[in-house]
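Trainee: I am new to this one. Can we walk through it together?
Mentor: Gladly. Have the sequence and the 3D view open, and ask as we go.

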Amino acid sequence: MIEAKLKELIEDMSVEEKVGQLVMLEGSYFEKDALVTGNINENNCDTESLKAFAGSTIGISGAETVRSIQKKQMEDQPHHIPMLFMLDVIHGYRTVFTCPLGQGASFDPEMSRKCAEIAAREAAASGIHIVFSPMADLVRDSRWGRVMESTGEDVYLNGRMASAMVKGYQGDNAGDPLRVGACVKHFAGYGAPVAGREYYNVELSEHTLREYYLPAYQKAVESGCEMVMSAFNTWNGIPCSGNRWLMKDVLRDEMGFDGVVISDWGAVAEMTMHGFCRDNREAAGAALKAGVDIDMCGNAYAEHLAELVAKGDIDSSLLDEAVMRVLRLKNKLGLFENPYKDADIRLEREIILSKEHRELAREMVRKSIVLLKNDKYDDENVLPLKKGKLAFIGPYVDNADMDSSWAVNGDVLDQISIKKAALEFWDKGDLLFADGCTMLDNHTVGARYYYEDEAFCSKNDSLLKQAVEAAKCADTLVLCLGEHRAQSGEASSRARIKLPKVQLNLLRELARSGKTIITLIFSGRPLELEEILKYSHAVMMVWLPGTEGGHGIMDVLTGKHNPSAKLPISIPYNEGQLPISYDQYSTGRPRTGIHTGEYTSGYIDVPNEPLLPFGYGLSYTDFNISKVSLSSDHMLEDGTITATVRISNQGDVEGTETLQLYLQDVAASRVRPILQLKGFKKISLKAGEEKLVSFCISKEQLSFIRADGSYGCEEGIFRLWIDNSSKVKEPVTFELIKKG
Ligand code: GLC
């Protein structure tokens, strides 16, 4: 439909109809089995007219269901305006990929683009128009359960991944066949709640917000993201959904976003709970004035917008602008011409969980696995696995539920468990399996507060005995341990980031067997790993690997594929170090600086550095990286400088290394991080092969928000590293010289 027709449509709509376009109703209004991913907010509206006028819904999928609901909606809606069907497709629809934190570990944006593309195809065929992904929140506190949904702690990596995911979902146009609109979230700064406590306030300076937390959202917007979601949290004491500076001055004026803003679930009305608005009526006005177009599953817009306009408390032009953005999006998706878009029962059956989709999921698992430890005995590494009797032990062995809590359409029955995959790779006679313990220290996850009782303890006693017996008959033990899927994700902050006690007890008991122990960690967040590393001869972080978890993990355990992933988030010694990130500032008393004694910055009980650093990950082969050579020892502001290393594969198997470019501005008008990632390249080398790899540095990588608020670079000395983790060695330096 042409824009002029949209204007005519708006002119012809009643205020109630216009408000309807700004209301997203829970799917349960339309289908009793709809997925509900938030609190149900009661309202005092007439349900039938609320439904008839609703502009969008959430939690409904399936081609047949969507088509029938849309058909009825078109009949009931006075101007036959189609609804938007939106869903949390965070890391896959039915083919569930590794959780986003694991995708960040791949350092492979192209892989994430492909996964998003497949997710779009499956979701679109099932009637979905918009997905609430990518989640581009920067995260540095793994007490927060939603680190699982992020691609990690680094500004540059998150920006690359967010951009890739938007392109995967939308392609060149979200209205194209089997494409969906992407909704980047949660704007802004939701990943930095004080104390890692879910739904808590965010205390960031404007400078920190701009330097660290905004760039990844901006990359998503620059990649054409169709929608932005306003976050639950406050920034600068103002809830995001009512924060005009954030949602208008920054998002729309500075970043140039002219698409639809949707609130997070109920976030508009929650501004009263924040103590920002006296009541829902005030919240509705504040949100519309801040540029929030759709009130997700709240009651503020539905109950108050029409009256606010009628009384002149908000200008009707604000309402019309918001409605126009929503109608423009529907138009872009082609819904006025075809309200069902790609919802197609045959196509749905044909493409969902197809062989190609499973293959990609398996490849993503392989490329997300981080090898954290791999001891060597008699000149041979523990991994890849050797022939002999293997005992797979732990609650993740026969548990096919390797999805995250956000894999809302994933089905355990589709999944390949460790046990199932192992039986495909080895003779049954060489394998033993034992649960070893329950997944958790209590009966259910829902309780949240763990307790034990006699029945529970005796069950674990017998599971442990079976595991110890199995270990006696095996040469190598493969422990499959980790968090339950419901221990990370939304509303899953944890004050302690340990493995459950029953699992640690199993590990300690099996360590007494004297057998070789390989431990796989299934988790949506970094956990305390010190004891696991101590008792294991090899450790792999496999995250929450999804549908093809068992296959992808076996591909790496057997050496069919060499692990290549790197940590996208620091792994702390314990939660006392949190929040933590590699790109921290120095201090006046750095522990490695001129001061060496007690009066230096740090703790007396743990180091300042994490247990395992951002960017770290081992391979089955050995790479050698030469010292960096620079094309010059100085750079003009509008010039470039090239940094080159020679990398060689000194092992006897092919492998892929991730070369990481780090820079430090040694002295600047605002203090700068001791180092920051400014580029990375994945380099694959055959055994014995070597390559020269170069990075071109320009002023963009040296620029920052200077003390006067302007963005740009400053002359002076820069340190530069090219290495395989953020635990870098000696730098090379160059000087930036301004013209003249
Ligand atoms: C949730 C989450 C958000 C999600 C939305 C819809 O509360 O914060 O990430 O997309 O509601 O389920």
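**The ligand and its surroundings**

Trainee: How many residues surround the ligand, and which are the closest?
Mentor: Keep in mind that this is a predicted model. A residue joins the shell if one of its heavy atoms lies within 4 Å of the ligand. That gives 14 residues, and the closest are Thr37, Asp88, Arg146, His186 and Asp264.

Trainee: How far is an oxygen atom of the ligand from an N or O atom in the side chain of Arg146?
Mentor: Take two other contacts before that one. An N or O atom in the Thr37 side chain is 2.5 Å from a ligand oxygen. Asp88 also places a polar side-chain atom 2.5 Å from an oxygen atom of the ligand. For the side chain of Arg146, the distance is 2.7 Å.

Trainee: What share of the ligand's exposed area does the protein bury?
Mentor: Start with the ligand taken alone. It then exposes 310 Å². Of that area, the protein buries 99%.

Trainee: How many residues of the shell are charged?
Mentor: Sort the shell by residue type. The nonpolar group holds 7 and the polar group 2. The charged residues number 5.

**Cysteines**

Trainee: How many disulfides does a search of the whole structure find?
Mentor: A disulfide is a covalent bond between the sulfur atoms of two cysteines. The cut-off for such a pair is 2.5 Å. Searching the whole structure gives a count of 0.

Trainee: Which cysteine sulfur is nearest to that of Cys437, which is in no disulfide?
Mentor: Cys437 counts as buried because its relative accessibility is 4%, and the limit is under 20%. Its nearest cysteine sulfur is 11 Å away. That sulfur belongs to Cys480.

Trainee: Is Cys473 buried, exposed or partly exposed?
Mentor: Cys473 is in no disulfide either, and its nearest cysteine sulfur, that of Cys480, is 18 Å away. The relative accessible area of Cys473 is 47%. Buried needs under 20% and exposed over 50%. Cys473 is therefore partly exposed.

**Aromatic pairs**

Trainee: How many residues apart in sequence are the parts that Phe392 and Trp426 tie together?
Mentor: The count of aromatic pairs is 16. Phe392 and Trp426 form a tilted one, 6.0 Å centre to centre with 50° between the planes. Phe392 and Trp426 are both buried. Phe392 is in strand β14 and Trp426 in the loop between α17 and β15, so the pair joins parts separated by 34 residues.

Trainee: What kind of aromatic pair do Tyr582 and Tyr662 form?
Mentor: Tyr582 sits in the loop between α21 and β19, and Tyr662 in strand β23, 80 residues apart. Both count as buried, Tyr582 at 7% relative accessibility and Tyr662 at 0%. Their rings are 5.6 Å apart centre to centre, with 70° between the planes. Planes over 60 degrees apart make this pair edge-to-face.

Trainee: Which residues do ring pairs link into a cluster?
Mentor: Tyr582 and Tyr662 both belong to it. The full cluster is Phe107, Tyr156, Tyr582, Phe614, Tyr662 and Phe680.

**A buried arginine**

Trainee: Which side chain makes a polar contact with the side chain of Arg494?
Mentor: Find Arg494 in the loop between β16 and α19. Arg494 is buried because its relative accessible area is 13%, under the 20% limit. A polar atom of its side chain lies 3.3 Å from the backbone oxygen of Arg496. The side-chain partner, at 2.7 Å, is Glu483.

How values were computed: Residues are numbered from 1 along each chain as its sequence is written. Side-chain values use heavy atoms; hydrogens and water are left out. A polar contact is a pair of N or O atoms within 3.5 Å; within protein, one must be able to donate a hydrogen and the other to accept it, and residues adjacent in sequence count only if both atoms are side-chain atoms. Accessible areas come from the Shrake-Rupley method with a 1.4 Å probe; for residues, only the protein chains shown count as cover. Ala, Val, Leu, Ile, Met, Phe, Trp, Tyr, Cys and Pro count as nonpolar, Asp, Glu, Lys and Arg as charged, and the others, Gly among them, as polar. Buried means under 20% relative accessible area, exposed over 50%, partly exposed in between (1.4 Å probe, protein chains only). Rings of Phe, Tyr and Trp (its six-membered ring) pair if their centres lie within 6.5 Å; planes under 30 degrees apart count as stacked, over 60 as edge-to-face and the rest as tilted. Helices (H or I, at least four residues) and strands (E, at least two) are DSSP runs, numbered from the N terminus.
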